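The report below works through one structure, taking a helix and its surroundings before turning to nonpolar clusters and charged pairs. Please read it alongside the sequence and the coordinates.

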Amino acid sequence: MRIPALSIVLLFLFPILIDFYISLDIRQMWRRRGQWIYWATCLFCYALLIVTISLPRRDAETGISAVMWMLFTYLTIYVGKVLYSLCSLFGRFFRLSLRIKWTSYPSRWVGLILGLSFMGIMWIGAGYTRHHIMVEEEDFYSSRLPENFNGYRIVQLSDLHVGTWGKDPAFLQTLVDTVNSLHPDLIVFTGDLVNRQSSELAPFTSVLSQLQARDGVYSILGNHDYGDYVDWPSPAEKEKNLLQLKEYQRKMGWKMLNNENVVIRNGSDSILLIGVENWGEPPFPKYGDLDLALSPDSKASNHQNDSTFKLLLSHNPEHWNQEVSKNTNIDLTLSGHTHGMQAMVRSGNWKWSPAQFRYEQWGGRYDRENINGEPTAIYVNIGSGAVGMPARLLSAYPEVTLITLFSE
């Protein structure tokens with residue numbers, strides 16, 4: 001397997017330099033014995049990295065959980081070491097510039113505390129935070145909402161990435177029980193059910209089929225659901241994988257909206273629920289077709305800009321940002337995709353995540369005016385699962401969103 005030169009520098013040469021620097025500190029503080037013990041632990045980490053990058057990651061027959069956990073372990077150790085080294089270097093520079101003859105200085109202890117704190121945060125995120133479900137409640141008022149839908153309760157789930165849980169249904173059972181306890185009228189899932197392939201869903205179909213809502217469970221596809229992250233033997237195998245995912249959802253009692261709409265009725269009133277396939281950004285395919293979803297065929301009603309209250313499910317919030325809010329009068333869009341980068345700091349109504357450097361709408365509710373000067377909004381659920389790193393950090397808890405509609 002060929003590895004780019006930059007990756008070699010970042011994954012091997014840079015860590016070796018970090019370890020060499022730390023070993024000098026250890027030798028100064030604890031003499032040579034401590035230095036040899038330290039290098040023995042470093043060799044273990046290098047071996048872990050070699051095994052990690054040697055494992056196949058795009059093979060259809062291979063899961064990625066082992067790769068995620070090994071890379072997560074390696075990075076938590078070495079980012080902690082980088083934090084220590086930066087503090088130590090600062091102290092060394094400060095000592096030399098002031099010509100203070102300290103053999104040990106506070107910056108080393110500050111670096112040690114920071115490095116260990118970072119590793120602690122990462123492993124708390126893996127062992128606790130990603131298991132601790134939070135219910136976020138959002139009230140949505142609209143003058144276009146029919147009276148019979150006043151108080152209508154919608155639960156949104158997103159980005160389950162069930163493959164990260166292997167075959168253990170415990171978390172998903174807790175998630176399902178949490179959702180059902182909210183007694184929703186409607187449950188919607190906004191994409192990324194699996195990490196890479198439909199077989200990941202097999203151990204969890206019986207659990208997810210327990211979701212209950214008066215008007216059913218509706219879902220759409222996310223970028224991870226198409227099998228685009230696997231090197232398939234043939235296009236036919238990739239298509240078979242997608243068909244299997246759809247079949248699993250059908251057996252679970254979920255109703256998929258693939259560039260389609262459905263009328264939800266309550267008494268004599270109705271609203272329109274629209275679902276589009278993933279609206280990808282380059283280099284990912286753009287499967288979503290909102291025009292088709294609003295008017296599936298020439299015989300169907302064209303709902304492009306009529307007075308019907310419209311609820312859209314679209315996995316990527318950039319779809320709302322670039323197209324939906326500018327070209328339609330859709331009242332409320334529900335999205336996922338961002339995960340809040342699985343890292344968030346929150347205090348009251350204020351929150352921050354590195355996701356905001358990539359997405360203008362990354363978590364929670366956002367409002368603006370549509371083409372008619374009327375209000376339109378999006379709610380971005382930061383997801384319940386984890387992918388890339390098997391952790392959720394600080395306040396990025398798995399999210400269940402309860403949205404209650406009110407007519408003004």
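In this predicted model, helix α8, which spans residues 317-327, has as its buried residues P317, E318, H319, W320, N321, V324 and S325. The cover over these buried residues of α8 includes two kinds of element, namely helix α7 (290-294) and the strands β8 (310-313), β9 (332-335), β12 and β13 (375-380). At the N-terminal end of α8, N316 acts as a cap, with a side-chain oxygen placed 2.9 Å from the backbone nitrogen of E318, and E318 is itself among the buried residues of the helix.

**Nonpolar cores and a surface patch**

The largest nonpolar core holds 32 residues, and within that core L193, L201 and L208 touch the most other members. Two or more residues are given to this core by each of β2 (152-157), α4, β3, α5, α6 (235-252), β5 (254-256) and β15 (399-407), and the largest share, five residues, comes from α4. If neighbours within four places in sequence are left aside, L193 is in contact with L160, H161, V162, L201, L208, D225, L245, Q249 and W254, a list that includes both L201 and L208. A second core, separate from that one, has 22 residues, including I220, L273, L311 and L313.

On the surface, I121, V345, W350, W352, F357 and L394 make a nonpolar patch of about 610 Å². One of these residues, W350, belongs to strand β11, which covers residues 350-352.

**Salt bridges**

Side chains of opposite charge can pair when their charged atoms come close. Across the whole structure, a search finds 12 salt bridges, and the table sets out some of them.

| Pair | N to O distance |
|---|---|
| R346 and E136 | 2.8 Å |
| R365 and E138 | 3.0 Å |
| R214 and D185 | 3.9 Å |

The salt bridge between R346 and E136 links distant parts of the chain, with R346 in strand β10 (residues 343-347) and E136 in strand β1 (residues 134-142), 210 residues apart. R346 counts as partly exposed because its relative accessibility is 37%.

Strand β1 also supplies E138, whose salt bridge with R365 again links distant parts of the chain, since R365 lies in strand β12 (residues 364-369), 227 residues away from E138. With a relative accessible area of 29%, R365 is likewise partly exposed.

Where do R214 and D185, which meet in a salt bridge, lie? The side chains of R214 and D185 come together at 3.9 Å, N to O; R214 lies in the loop between α5 (205-208) and β4 (217-219), and D185 in the loop between α4 (170-180) and β3 (186-189), so the pair ties together parts that are 29 residues apart in sequence. D185 counts as buried because its relative accessibility is 14%. Salt bridges that share partners also join E138, R365 and D367 into one network.

**A buried arginine in a loop**

Is R196, in the loop between β3 and α5, buried or exposed? R196 counts as buried, because its relative accessibility is 3%, under the 20% cut-off. The C-alpha atoms of R196 and Y226 are separated by 7.7 Å, although these two residues are 30 residues apart along the chain.

Terms used: Residues are numbered from 1 along each chain as its sequence is written. This is a predicted model: local features need pLDDT of at least 70, side-chain atom pairs count only at pLDDT 80 or more; totals for chains, interfaces and linings use all residues. Side-chain values use heavy atoms; hydrogens and water are left out. A salt bridge is a side-chain nitrogen of Lys or Arg within 4 Å of a carboxyl oxygen of Asp or Glu. Helices (H or I, at least four residues) and strands (E, at least two) are DSSP runs, numbered from the N terminus. Buried means under 20% relative accessible area, exposed over 50%, partly exposed in between (1.4 Å probe, protein chains only). Contact means heavy atoms within 4.5 Å. A polar contact is a pair of N or O atoms within 3.5 Å; within protein, one must be able to donate a hydrogen and the other to accept it, and residues adjacent in sequence count only if both atoms are side-chain atoms. A nonpolar core is a set of buried Ala, Val, Leu, Ile, Met, Phe, Trp, Tyr and Cys residues joined through side-chain atoms within 4.5 Å. Patches are made of residues with over 30% relative accessible area and no salt bridge: like charges are joined within 9 Å, nonpolar side chains (Val, Leu, Ile, Met, Phe, Trp, Tyr) within 5 Å. Accessible areas come from the Shrake-Rupley method with a 1.4 Å probe; for residues, only the protein chains shown count as cover.
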